[in-house]
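Good morning. I would like to walk through one protein chain, starting with the overall picture and then moving to a few details. Please keep the structure open while I talk.

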Amino acid sequence: MCVICCCSVMRILNFSFIVVWVFQVVTAQPTTDPNEVAALSKMIDYWNLRGKLNITTDPCAQNATWANENANPRVACDCLGNTCHITHLKIYALDIAGEIPSDLFVLKELMDLNLGQNVLNGSIPPGIGHLSKMQYLSLGINNLSGPVPPELGNLTKLLSLSFSSNNFFGRLPITLGNLTSLEQLYIDSSGVSGQIPQEFANLKSLQILWASDNLFNGKLPDFFGTLTKLRVLRLQGTSLQGPIPSSFSALNNLEDLRIGDLSGEDSSLEFLKNQTNLSILILRNCLLSGQIPEQLGTFSKLKLLDLSFNKLTGHIPTSFQDLASLQYMYLGNNNLSGGLPANIIGPQLNAIDVSFNPLSGNLPQNFAKVGSSMIIVGTSINANGLQDSKVSGMLQCLKADLKCSNKFPSSSFSIKCGGTGQTSASGIEYDDDSETLGAASQRASSDNLWAVSNVGNFISNPAPEFIAQTDSQITETLESELYKTARISPSSLRYYGLGLENGRYSVELHFAEIVMDDVSQSWKGLGRRLFDVYIQGKRVLQDFNIQKEAGGSKRAMIKTFEANVTNTIMDIHFFWAGKGTCCIPFQSTFGPLVSAIHVSQVSDGTESSKRDKKQAGKLVGIAVGCAAGLVIISSLFYLWWTKDSPKHILIQRESPGK
């Protein structure tokens, strides 16, 4: 009996211990560091996020909805023992405003901080350097300013750093060279200037570098050739100088290389011989000289090749016929000669531009392949077979060694860029220009009075559009409809007046920014569009920003210029030089934009010649009259001065010594 009682007691005691243990486990759930809880609460209130992140329980509570990997805002933690620390904070594209508060730096265990695509202002506080466990830091697309703090160099565990699309100034701190684990660096359109620090040579782990649209100067750094893990390198729209260093030949892992708009010395393409992993190669406006290497034709992964606006000579390599994966080829505005390889249009090729080269011969055998487009403007290639062969013939007049005339010349043209034809309140008839253009295509008006061409494609946009439109009213004009559509281009957009009477013309260019917003309380209003405009080969606008010049988005403005037509053609060229933001308010938002064009003759060459002769005759008459008057006045003055003077008699004298 006693044995049975003892067993029962033991069972009860064991059960009691289990209950106590379970209770202790339940009541000892780990909790978030109270300092971090207080700091997070202050930030939520400061950024007015209670409606989206109303944390009423412990921030690190298990299975919290805000801890989900896809949550935004997101707060996630790591727990050790009974204490949890906030390690992930994402407040992405929620238009939070204000500065970066010091409360953020209480979260010393942060490993991943994403504050991208907001409207944060002020500087990056030096306290950022206390977050020494950070691996991923994104501050891109904000309104931050001031210098980039050197304290970022303390974050030596960083794998990815982004502060692109901001308003910083000054040089990059050399301490960024301490980030030897860094694999991704996004600093494009950030506002930084000066030389790229030599200390960047320490970033041996770097795989992706976006650094376009900054005020960098000096030589393109030779040490980039030592960053052999680079897969993506973008350096367009800077003030860097060439040449492209030969050390770049060591970058065998490159898949995407974009360098543009270099000044200084010429560059060679010899460094490309071993870059067989390239899929995108853009070396546009880089002062490239010499010939295109045959090896390029062996790059089996190459999908986009842009070597336009350089000084390349020689023939287009026959090996280009073997580029089976190539989709886009831009070789325009070089000094390439000879003919086109017979089978240059490969199975995947959608667009080819060889314009403005001294090329000759015939079109490729399969030039009419469905889905492909070609531009041969400014060449001597036989255009027979092209739909616009007549226009191509007229555009031959762009060549300097060809004199052109027109039996029935026109003296004006007007275009509603990207839209249907309309008549303005002042009676100007703007022609329809609503037809879709491709990555290398041109079209002419029905009466062949003008033509338009586009070169380039928006790489990151799977469904590229070369026409912009809006339903919003356009202010600062009585012609709102004129500005509701526009042509846009990722590279080069040209309008040509055809068969014009030679003489002087007024050129009106109509603009309104209808793609980028200017809402001050949203990251979508932080975009910047910059491009250049050339008329008859002369740059008339550089780094032109429609939004800034007009005082905001969806506001009309007109720029007026005068230019001479001497060979029946007017050439108006809108050119993207790599500057401006790339991705605000969405991917591939950059490049030139124009709403309408109106060109009219101010005077013809004959009138000008007559006027010049008449003016010259007047000048001659005035000169002769003035000379005669001076003679008469001088004579009268002489007679008056000599009437009472003694007569001077000339006395002949012998020379001394005679």
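The protein chain holds five helices and 41 strands. Please note that this is a predicted model. The chain has 658 residues, and 50% of them count as buried. Its accessible surface comes to about 30,900 Å², with 53% of that belonging to carbon and sulfur atoms. Now the contacts between residues at least 6 apart in sequence: 57% of these join residues at least 24 apart.

Let me turn to the nonpolar cores. In soluble globular proteins, nonpolar side chains tend to be buried together. Here the largest nonpolar core has 105 residues, and the ones with the most contacts inside it are L89, L137, L283, L307 and F320. Several elements each supply at least two residues of this core: α2 (34–46), β3 (83–90), β15 (232–235), β17 (256–260) and β19 (280–284). Which element gives the largest share of this core? That is α2, with four residues. Take L307 as an example. Setting aside its neighbours within four places in sequence, L307 is in contact with L269, L283, L288, I292, L296, L312, Y330, L331 and N334. Another core lies apart from this one; it has 47 residues, including I474, Y495, A556 and L593.

Two of those names, Y495 and L593, come back in the strands.

Start with strand β39, residues 570–575. How many of its six residues are buried? Six of the six are, so β39 is largely enclosed by the rest of the structure. M570, I572 and F574 point one way from the strand, while D571, H573 and F575 point the other way, and all are buried. Strand β34, residues 492–497, pairs with β39 in the antiparallel sense over six bridges. Within that pairing, Y495 stands opposite I572. Strand β36, residues 531–535, also pairs with β39 in the antiparallel sense, over four bridges. There, V533 has F574 as its bridge partner.

Next is an open sheet of three strands, in the order β32-β33-β40, with antiparallel pairing. β32 (467–469) and β40 (593–594) stand at the edges with a single partner strand each, so one side of each has no neighbour in the sheet. Strand β33, residues 485–488, is joined to β40 by two bridges. I488 stands opposite L593 in β40.

Strand β33 also contains R487. Is R487 buried or exposed? R487 is buried, with a relative accessible area of 1%. What does its side chain meet there? The side chain of R487 makes a polar contact with the side chain of D433, at 3.0 Å. In addition, a polar atom of the R487 side chain lies 2.6 Å from the backbone oxygen of E435.

The last item is an open sheet of six strands with mixed pairing, in the order β28-β29-β27-β41-β35-β38. Its edge strands are β28 (422–423) and β38 (557–565), and each of them pairs on one side only. Further in, strand β27 (residues 412–417) and strand β41 (residues 596–604) run antiparallel and are joined by five bridges. One example is S414, whose bridge partner in β41 is H598.

To recap on the cores, one has 105 residues and another, lying apart from it, has 47. That is where I will stop.

Technical notes
Residues are numbered from 1 along each chain as its sequence is written. This is a predicted model: local features need pLDDT of at least 70, side-chain atom pairs count only at pLDDT 80 or more; totals for chains, interfaces and linings use all residues. Side-chain values use heavy atoms; hydrogens and water are left out. Buried means under 20% relative accessible area, exposed over 50%, partly exposed in between (1.4 Å probe, protein chains only). Contact means heavy atoms within 4.5 Å. Accessible areas come from the Shrake-Rupley method with a 1.4 Å probe; for residues, only the protein chains shown count as cover. Two strands pair if DSSP finds at least two bridges between them. A polar contact is a pair of N or O atoms within 3.5 Å; within protein, one must be able to donate a hydrogen and the other to accept it, and residues adjacent in sequence count only if both atoms are side-chain atoms. A nonpolar core is a set of buried Ala, Val, Leu, Ile, Met, Phe, Trp, Tyr and Cys residues joined through side-chain atoms within 4.5 Å.
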